[in-house]
Amino acid sequence: MAEQKSAGSPAGKGQDCLSPVQTLHKAVDVGVGKAYMPRGRSFLLAMMAGLFIAMGAALMLVVKSDSSLGFASSQIMSGLVFSVGLFLVVVAGAELFTGNNLMAIGCLSGKYGAGRLVGSWLTVYAGNLLGSLLLVLILAGANFTGLNGGAVGVAAAGVAASKASLSPMAAFCRGIICNVLVCLAVWMSFAGHSVADKFLACVMPVMGFVASGYEHCVANMYFLPYGLLVQALGLGGGAAAISLAGACSNLLCVTLGNLVGGAVIVGCGYWLAYRRDFVADMSVNG
């Protein structure tokens with residue numbers, strides 16, 4: 001494709017990454033593709049994303065099971081291995097609710113309505129949940145909790161218990177900042193060209209949110225049910241009891257926080273910052 005001079009045109013071969021305005025155009029184009037994707041395909045790809053994120057969460061539990069690690073080391077290493085989930089979503093291609101919060105940009109640009117946006121989000125959210133639960137069942141059959149002499153099971157119960165015990169306000173606020181970082185990772189992956197670009201875009205923000213203890217609703221679709229299962233099987237060691245009501249409250253509050261962080265702060269923020277350039281490009285290029 002020949003290089004164009006418009007701010008919204010694709011980056012030239014000598015350009016390391018897309019400019020912010022070009023990235024906004026890319027986000028709108030991606031959002032249109034997601035909004036008009038057949039619901040069956042969207043649901044299946046959302047199941048894949050739920051599975052991918054759950055795989056990253058399971059890797060995190062392996063790190064958490066190592067009691068020899070200090071707090072900071074454990075948090076940082078957990079974040080690094082957890083990032084494999086978002087990397088798989090971005091590169092292999094899947095539909096992730098938290099990343100899809102950036103679809104708010106396409107809605108603001110007038111490319112599709114709020115009804116189509118919310119319908120897509122609900123479809124993807126349901127698919128993410130089913131994909132996460134699928135890995136819970138698979139790992140139950142694989143005796144994943146038995147790794148490291150049963151320490152993985154103890155870690156799973158401990159992580160779930162800590163999440164279920166969060167106050168609604170804490171869960172909501174941790175959800176906000178979590179999805180600011182996740183959506184920034186997705187935004188930067190839009191700007192990159194190569195697989196290496198996308199890998200680097202995913203790793204640091206994800207490591208940051210995990211290491212800081214923020215809350216991701218799709219990850220919690222794995223952590224909470226798996227922790228409840230471990231507790232029911234009596235494999236959680238001395239971990240605190242996990243409240244089902246607390247788990248449901250966590251998932252609701254974190255989901256709302258993720259929406260604010262991804263759709264409002266990142267999505268609306270970038271739209272407001274560059275909307276004039278976007279509109280000018282559209283008027284020139286059609």
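Here is a walk through this model, from the overall fold down to a few single residues. Keep in mind that the model is predicted.

Let's start with the big picture. The protein chain is built from 10 helices, with zero strands. Read from the N terminus, the elements go α-α-α-α-α-α-α-α-α-α. As for overall size, the C-alpha trace spans about 65 × 40 × 35 Å along its principal axes. The radius of gyration of the protein chain is 19 Å, which agrees with the value near 19 Å that a compact globule of 286 residues would have.

What about the inside and the surface? Of the 286 residues in the protein chain, 49% are buried. Take the contacts between residues at least 6 apart in sequence: 83% of them join residues at least 24 apart. On the outside, the protein chain exposes about 12,300 Å², and carbon and sulfur atoms supply 69% of that area. There are 14 positive and 9 negative charges in the protein chain, and the mean positions of the two sets are 7 Å apart.

Those charges bring us to pairing. Side chains of opposite charge can pair when their charged atoms come close. How many salt bridges does the structure hold? There are two.

One of them joins Glu95 and Lys34, with 3.0 Å between the closest N and O atoms. This pair links distant parts of the chain: Lys34 belongs to helix H1 (residues 20-35), while Glu95 is in the loop between helix H3 (71-93) and helix H4 (104-108), and the two are 61 residues apart. Are Glu95 and Lys34 buried or exposed? Both are buried.

The other salt bridge is formed by the side chains of Lys163 and Glu215, at 3.1 Å from N to O. Lys163 lies in helix H6 (residues 151-164) and Glu215 in the loop between helix H8 (195-211) and helix H9 (217-232), so this pair ties together parts of the chain that are 52 residues apart in sequence. Have a look at how covered these two are. Buried means under 20% relative accessible area. Lys163, with a relative accessible area of 9%, is therefore buried. Glu215 counts as buried too, because its relative accessibility is 3%.

Next, the backbone. Most residues other than glycine have a negative phi. Against that background, two asparagines are worth a look. Asn143 is not a glycine, yet it has a positive phi of about 55°. You'll find Asn143 in the loop between helix H5 (114-141) and H6. With a relative accessibility of 47%, Asn143 counts as partly exposed. Asn148 also has a positive phi, near 55°, in a residue other than glycine. Its place is the loop between H5 and H6.

Finally, step back into helix H5, where Gly127 sits. Its relative accessible area is 0%, so Gly127 is buried. Which residues does Gly127 touch, leaving aside those up to four places away in sequence? They are Phe43, Ala46 and Met47. Another residue to find from here is Phe97: its C-alpha atom is separated by 9.0 Å from that of Gly127, and the two residues are 30 apart along the chain.

Technical notes:
Residues numbered from 1 in each chain as written. Predicted model: local features only at pLDDT ≥ 70, side-chain atom pairs only at ≥ 80, totals over all residues. Heavy atoms only, no water. Helix = DSSP H or I, 4+ residues; strand = E, 2+ residues; numbered from the N terminus. Rg over C-alpha atoms; globule rule 2.2 N^0.38 Å. Buried < 20%, exposed > 50% of the residue type's maximum accessible area, 1.4 Å probe, protein only. Contact = heavy atoms within 4.5 Å. Areas by Shrake-Rupley, 256 points an atom, 1.4 Å probe, with all protein chains shown as cover. Lys, Arg positive; Asp, Glu negative; His and termini not counted. Charge placed at Lys NZ, Arg CZ, Asp CG, Glu CD. Salt bridge = Lys/Arg side-chain N within 4 Å of Asp/Glu carboxyl O.
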